[in-house]
Amino acid sequence: YESLSVGELANKLGKEPSEIIKKLFMLGVMATINQELDKDAIELICADYGVEVEEEVRIDVTDLEIYFEESEEQDAELTERPPVVTIMGHVDHGKTTLLDSIRDTKVTQGEAGGITQHIGAYQIEVEGKKITFLDTPGHAAFTTMRARGAKVTDLTILVVAADDGVMPQTIEAINHAKAAEVPIIVAVNKMDKPTANPDRVMQELTEQGLVAEDWGGDTIFVPISALKGEGIDQLLEMVLLVAEVGELKARKDINARGTVIEAQLDRGRGSVATLLVQDGTLRVGDPIVVGNTYGRVRAMINDIGRRVKEAGPSTPVEITGLSDVPQAGDRFVVFEDEKTARQIGEARAGEALQEQRVEKTRVTLDNLFDQM
Ligand code: GTP
Ligand code: MG
């Protein structure tokens, strides 16, 4: 027990509180019945009665979140890390075109020879500064990951087609971003179209609480044409500006932790997972627990298909070496030794299996009733 009151302790020992108070007095402690006793005091009293204190195991070994948070407390130097950006917006407003346009103009330039690999995320460099883009659909990234409590995005680009204006999914996207407290930059897209009406977009977004800087608000609007690659540089500059204000930091010198972006089973390579390293550095050979599975990082491939040995904060990498396929939004934590990782991983896998069985039984019973 972390702490107990005198009354509670007396109750547990089957003694009168007055007797405990007397004992405490002999030990030089003045106490009342409601006084909280710390572990040491409890142990002293119990020893006096010849009772051994059994430590309650309070940590659930299978709760990965605990390890995730524990690692947050590690002492290490904080350094700047790249922003992690998602793109959201209504159907057909140009999200995919924008992602492709950013990648085409930025990735291939600096990294000649690299073949862009679809791993669900990529990193670019602008004026020596990196930006990570998640190319999972923004909504999915927010909903599945937020449902699991994993925050992965630092900033979202809201794409609104200038010829179409604010639509239902635009509003949905705004609500998601607001709920997650993620800053929004508006990209007014399709400016090349003769029917483009950016003023209307600004007007409609004002009604949603996103007021452009030109109109006295604090939301950044950037007119772009994703198709023609126009305005992309300005947009990326704004991303860096907002990121700078956010002072995004992480520690390079601790064991990595982060979130699964996507994962699947590959015929040749087995379980393949794209991880976003959010803190620390992930290395080949690291013992790792990922969601309900675990393993050792066998190989790592970056977003341009190159084998890498390590990946720092805000870097997406595809890894192999896991015993099973995790799910998007799952957390991962690297452990110092393989034994611990295996123990936790196996316990989690077992628990997940158990839950699945319970679920299945339930389903079968439901089916049974359906048929009756
Ligand atoms: P979903 O993934 O279906 O939600 O759509 P999306 O938002 O990814 O839109 P996508 O990038 O697929 O673009 C939809 C259509 O708009 C495509 O035909 C694009 O070529 C076109 N488009 C995208 N950006 C622009 C632009 O800047 N100008 C013009 N004229 N067309 C664009
Ligand atoms: Mg798309």
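# Briefing on a predicted chain with one bound ligand

The secondary structure of the chain comes to ten helices and 19 strands, and the model that shows them is a predicted one. Of the 372 residues in the chain, 45% are buried, and the accessible surface amounts to about 19,800 Å², with 48% of that surface belonging to carbon and sulfur atoms. When contacts between residues at least 6 apart in sequence are considered, 73% of them join residues at least 24 apart. The points below take up confidence, the ligand, one strand and its partners, and a few individual residues.

**Confidence in the model**

- The mean pLDDT of the chain is 85, and 84% of the residues reach 70 or more.
- Over residues 108-113 the pLDDT falls below 50, although this stretch still has five contacts in the model beyond near neighbours in sequence.
- Over residues 367-372 the pLDDT is likewise below 50, and here the stretch has zero contacts in the model beyond near neighbours in sequence.
- Where pLDDT is low, the predicted coordinates should not be read in detail.
- For the model as a whole, the scores are ipTM 0.99 and pTM 0.78.

**The surroundings of ligand 1**

- There are 15 residues around ligand 1, and those that come nearest are Asp92, Lys95, Thr96, Thr97 and Asp192.
- Helix H5, which spans residues 95-110, gives the most to the shell around ligand 1, contributing three residues.
- Two of the polar approaches involve oxygen atoms of the ligand: a backbone N or O atom of Gly94 lies 3.0 Å from an oxygen atom of ligand 1, and an N or O atom in the side chain of Thr96 is 2.8 Å from an oxygen atom of ligand 1.
- A further approach involves a nitrogen atom of ligand 1, which lies 2.7 Å from a polar side-chain atom of Asp192.
- On its own, ligand 1 has 650 Å² of accessible area, and the protein covers 69% of that area.
- Asp92, one of the residues that come nearest to ligand 1, is found in the loop between strand S4 (84-89) and H5.
- Asp92 counts as exposed because its relative accessibility is 64%, a value for which only the protein chains count as cover.

**Strand S15 and its partners**

- Strand S15 (residues 293-301) is largely enclosed by the rest of the structure, because seven of its nine residues are buried.
- Strand S14 (residues 287-290) runs antiparallel to S15 and is joined to it by four bridges; within this pairing, the bridge partner of Pro287 is Arg296 in S15.
- S14 and S15 form a hairpin with two residues between them, and Gly291 in the turn has a positive phi of about 55 degrees.
- Strand S16 (residues 307-308) pairs with S15 in the antiparallel sense over two bridges, and Met300 has Val308 in S16 as its bridge partner.
- S15 and S16 also form a hairpin, with five residues between them, and Gly305 in that turn has a positive phi of about 80 degrees.
- Strand S18 (residues 316-322) is a further antiparallel partner of S15, paired over four bridges, and in this pairing Ile301 stands opposite Glu318.
- In a regular strand the side chains alternate between the two faces of the sheet.

**Positive phi outside glycine**

- Most residues other than glycine have a negative phi.
- Asp92 has a positive phi, near 70 degrees, in a residue other than glycine.
- Glu127 also has a positive phi, near 50 degrees, in a residue other than glycine, and Glu127 lies in the loop between strand S5 (121-126) and strand S6 (129-134).
- With a relative accessibility of 66%, Glu127 counts as exposed.

**A buried glutamine**

- Gln278 is found in strand S12, which covers residues 270-279.
- Gln278 counts as buried because its relative accessibility is 18%, where the limit for buried is under 20%.
- Leaving aside residues up to four places away in sequence, Gln278 touches Phe68, Arg81, Lys151, Val152, Ala250, Arg257, Gly258, Thr259, Pro313, Ser314 and Arg331.

Key. Residues are numbered from 1 along each chain as its sequence is written. Chains are lettered from A and ligands numbered from 1 in the order in which they are written. Side-chain values use heavy atoms; hydrogens and water are left out. pLDDT is the predictor's confidence in each residue, from 0 to 100. Contact means heavy atoms within 4.5 Å. Buried means under 20% relative accessible area, exposed over 50%, partly exposed in between (1.4 Å probe, protein chains only). Two strands pair if DSSP finds at least two bridges between them. A residue is near a molecule or strand if one of its heavy atoms lies within 4 Å of it. A polar contact is a pair of N or O atoms within 3.5 Å; within protein, one must be able to donate a hydrogen and the other to accept it, and residues adjacent in sequence count only if both atoms are side-chain atoms. Accessible areas come from the Shrake-Rupley method with a 1.4 Å probe; for residues, only the protein chains shown count as cover.
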